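Work through the exercises below with the model open. Try each task before reading its solution.

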Number of protein chains: 2
Amino acid sequence: MKFLIIGGDAAGMSAASKAKRYLPDIDVTVLEQSLDVSYSACGMPYNIADPDRDIEDLVVRSADTFINKNRIRLLTGLRAQSIDRQNRQVKGRSLDGQKFEESYDKLLIATGASPEIPDVPGADLDGILPLKSLDHGRRIKEWIARKGVRHSVIVGMGYIGLEMAEALRERDIQVEMIKPGPVFLPWMTRELADAVLMELETNGVTLHTGSAITGFEPDDGRITVKTGGSDLTTDMVVVGAGVKPNSLIAEQAGLDTSVAGAISVDASLRTSDPSIFAAGDCADAVHVVTGKKCWIPLALRANRAGWAVADILAGQDVTLQGVVGTAVFKLFDLQVARTGLSLKEAEEAGFDPVETVIRTRSRAHAHKGNTAIHVSMTGDRKSGRLLGVQMVGSEGVAHRINAPAVALHCAMTVEDFFQTDLAYAPPFGPVWDPLLTAANQLLKKL
Amino acid sequence: MKFLIIGGDAAGMSAASKAKRYLPDIDVTVLEQSLDVSYSACGMPYNIADPDRDIEDLVVRSADTFINKNRIRLLTGLRAQSIDRQNRQVKGRSLDGQKFEESYDKLLIATGASPEIPDVPGADLDGILPLKSLDHGRRIKEWIARKGVRHSVIVGMGYIGLEMAEALRERDIQVEMIKPGPVFLPWMTRELADAVLMELETNGVTLHTGSAITGFEPDDGRITVKTGGSDLTTDMVVVGAGVKPNSLIAEQAGLDTSVAGAISVDASLRTSDPSIFAAGDCADAVHVVTGKKCWIPLALRANRAGWAVADILAGQDVTLQGVVGTAVFKLFDLQVARTGLSLKEAEEAGFDPVETVIRTRSRAHAHKGNTAIHVSMTGDRKSGRLLGVQMVGSEGVAHRINAPAVALHCAMTVEDFFQTDLAYAPPFGPVWDPLLTAANQLLKKL
């Protein structure tokens, strides 16, 4: 059997490795348009923060290892352009323009996502740098070094933009962030978003919300960011304005797509063509809380979906239950985490939601080093179900979010969650864990 | 209505305060044998570690506040000695020997637990100091100051003993720990217990397991601990050799007791006499994983049970689901946590358990500051259920344990737990959370 994979990142290489491990005799071929495979994309901001670290440190396993040790036919520098479902063939071109075609018995589309670039004049200028692939990371690091960057503008205020703000401040580079939308972290409860905002300001980051970018212009070796209001002149523009699924090749082949144009897959990662799977940032998933399709492109799901495809090829009966939208990021001294739905998302999903927001302590009464923890918790009036949690604090947030994440998978009520036996010791929290205090407050509103 | 409470600690004062808040007109009387109420018992080791902190900092709310602000009839220095169920009366004596009696309509026994003191000659010598009540804490601090303690022996190697080892080492006091049993942390998987042992040794703590204490003798202002082998001479002996429920008063009144002699209660905290509740360290609970009675005296359960009694008096229909045995402690640079059953406990409870033990990293590949995390996970071959988790590591353990704790409340299978959408960001863990990696390994054995 020939198992062909388009895309050699998290989902693609997870599937390739596991398939080859289970089924040593099958032909596993991976087409990767870049020259990089298997690197920690999420680690890039932390690497960029440190001028003394080699960006190649982020490579988890080299192409050579996959080829020689895992015996995967890994073809880099080949861009897949079309899928001929009738003849089970993928066609495309190499980096130097040579045409190629590869046949398949089973195909996995793991093409990932691409950064959204503002559609304005000058967006292709040198020094306007997105961050998604390892090569983007290389270019940013190289640009900072070559230009001696002292000032930067970050377009977008999502996870990547915020992590890059911290990375650049660590290198003592001035940071201004800009986004067209009026609201900072719109998915987050105001009180919590304000705590995040304050952390940015404390660390010298300037924010321009509600500022549409109308163009970029070269300015004597620097770049001017043209906006509706004041222009910003800078040494470097980092674009972290969200991503879109690389689903065009699937769409053109007539495969179904769903939310945000992501490739539609069932619980076994099958597209509308049963010979074709899709996994990773290009594919959708079921949101366990809403029961509806969603597109939340994150690393764990990509790895898990890649593995699941390999399991299925090996004859296992695997169905993925879906995601609950758990995410965490670090921002200077803060940990910011969420799982499940925000109040607004819960309303849109047809729940009758109510939210409570509390501010409590990270450690027990009278224990040194106490800091604030903000918790927002949302539940459903009709069913009593827990719907979502958001947390912000200096400690004890990143891993604490996993408890309500598990509860969401179990469709737990707020009342049952309030009864859970969570860990207590004075250095790690109050007797009533912040999550239990939030649940108790929320119960009064349900 | 007269609501009488024996015991003014976590469970008793939680019940008293909440009952008075709900039902301002009832008479809430609390009999407390000591002069202290409402203090953070678990915070004592951390306070003792710091000579500059006042032990009174641990008081959360003063007796005056309860009496004057909450209008609770709080009677300290009164030791309840018997319950006359026929006449609904509690009898006892004050600290100065005066007899008293108090009637009740509803009674709550919240007498807590007492430290186990070795039953050997000399156990009542000055300088042999248990740690359970605030007054114990006062005495230890006062003894260290007065005697200029440079060397200590800790009897017992449980949570309290270990936390005290850290506290005394912080004050640069030499620590030797001794216990009669041959195994260090017998409830813990060996690989994890070894990591804890190494942390103790690294921090200069000497351990004597399998050393029975045969007596204590005064030795020129110091104390000699007589053992089967070499004797230990020291400035102070801290006794942290476990606790026993203060259930004698209940037993003598003919109330049912269960595991370890704890007072038997139903899910609404009622004893075998429907007018009498019991809550806190003196009472038992249902273990959610085994479905059987257990006695795991910890602070969260005490507070929760106290609140539940008040809720029930106020007419609410509250039933507590029970505990899953979640616990955490800090030991120098380590966090040590558990939830659910160990392999041995699972066998004893009639499961067909299997365990996996892994060692993984606390942060993503190539992220600075990576440390080891050890995870043990136990599941049931018959049902596939998750039964328990233990973790040891320098970071990311204390709050991570709450995710499997919630899963145990939901009777989740290991397979379903492996599918949960846990948080990922490079500073906080690998893409596959250590818990998911453990679950994946365990699945191969189930």
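The exercises cover the chain interface, the nonpolar core and a set of salt bridges in this predicted model.

**Exercise 1. Describe the interface of chain A and chain B: its area, its polar links and the elements on the side of chain A.**

Step 1. Count the residues. Chain A brings 62 residues into contact with 62 residues of chain B.

Step 2. Take the area. About 5500 Å² is buried between the two chains, and carbon and sulfur atoms give 63% of this.

Step 3. Look for polar links. There are 28 residue pairs in polar contact between chain A and chain B, both residues being at pLDDT 80 or more. Two salt bridges cross the interface. B:Lys368 pairs with A:Asp50, with 2.8 Å between the closest N and O atoms.

Step 4. Assign the elements. On the side of chain A that touches chain B, those giving two or more residues include helix H8 (299–313), strand E21 (327–331) and helix H10 (402–409). H10(A) gives the largest share, six residues.

Step 5. Sort by class. This side of chain A has 34 nonpolar, 18 polar and 10 charged residues.

**Exercise 2. Place A:Ala403: which element holds this residue, and is A:Ala403 buried or exposed?**

Step 1. A:Ala403 lies in helix H10 of chain A.

Step 2. Its relative accessible area is 0%, so A:Ala403 is buried.

Step 3. List the contacts beyond four places in sequence. In chain A they are A:Phe417 and A:Leu435; in chain B they are B:Asn402, B:Ala403 and B:Val406.

Step 4. Connect to the core. A:Phe417 and A:Leu435 are among the residues that touch the most other members of the largest nonpolar core, which has 86 residues. A:Met377 is another of these, and A:Met377 is in contact with both A:Phe417 and A:Leu435.

**Exercise 3. Set two salt bridges of chain B side by side: where does each residue lie, and how many residues apart are the partners?**

Step 1. Take B:Arg85 and B:Asp273. Their side chains meet at 2.9 Å, N to O. B:Arg85 is in the loop between strands E4 and E5, B:Asp273 in the loop between helix H7 and strand E18, and 188 residues separate them.

Step 2. Check exposure against the 20% cut-off for buried. B:Asp273, at 9%, is therefore buried. B:Arg85, at 31%, counts as partly exposed.

Step 3. Take B:Arg139 and B:Asp135. The closest N and O atoms of this salt bridge are 3.3 Å apart. Both residues lie in helix H4 of chain B, four residues apart, about one turn of the helix. B:Arg139 is partly exposed at 43%, and B:Asp135 is partly exposed at 29%.

Definitions and conventions
Residues are numbered from 1 along each chain as its sequence is written. Chains are lettered from A and ligands numbered from 1 in the order in which they are written. This is a predicted model: local features need pLDDT of at least 70, side-chain atom pairs count only at pLDDT 80 or more; totals for chains, interfaces and linings use all residues. Side-chain values use heavy atoms; hydrogens and water are left out. Contact means heavy atoms within 4.5 Å. Buried area is the accessible area (1.4 Å probe) that two parts lose on being put together, summed over both. A salt bridge is a side-chain nitrogen of Lys or Arg within 4 Å of a carboxyl oxygen of Asp or Glu. A polar contact is a pair of N or O atoms within 3.5 Å; within protein, one must be able to donate a hydrogen and the other to accept it, and residues adjacent in sequence count only if both atoms are side-chain atoms. Ala, Val, Leu, Ile, Met, Phe, Trp, Tyr, Cys and Pro count as nonpolar, Asp, Glu, Lys and Arg as charged, and the others, Gly among them, as polar. A nonpolar core is a set of buried Ala, Val, Leu, Ile, Met, Phe, Trp, Tyr and Cys residues joined through side-chain atoms within 4.5 Å. Buried means under 20% relative accessible area, exposed over 50%, partly exposed in between (1.4 Å probe, protein chains only).
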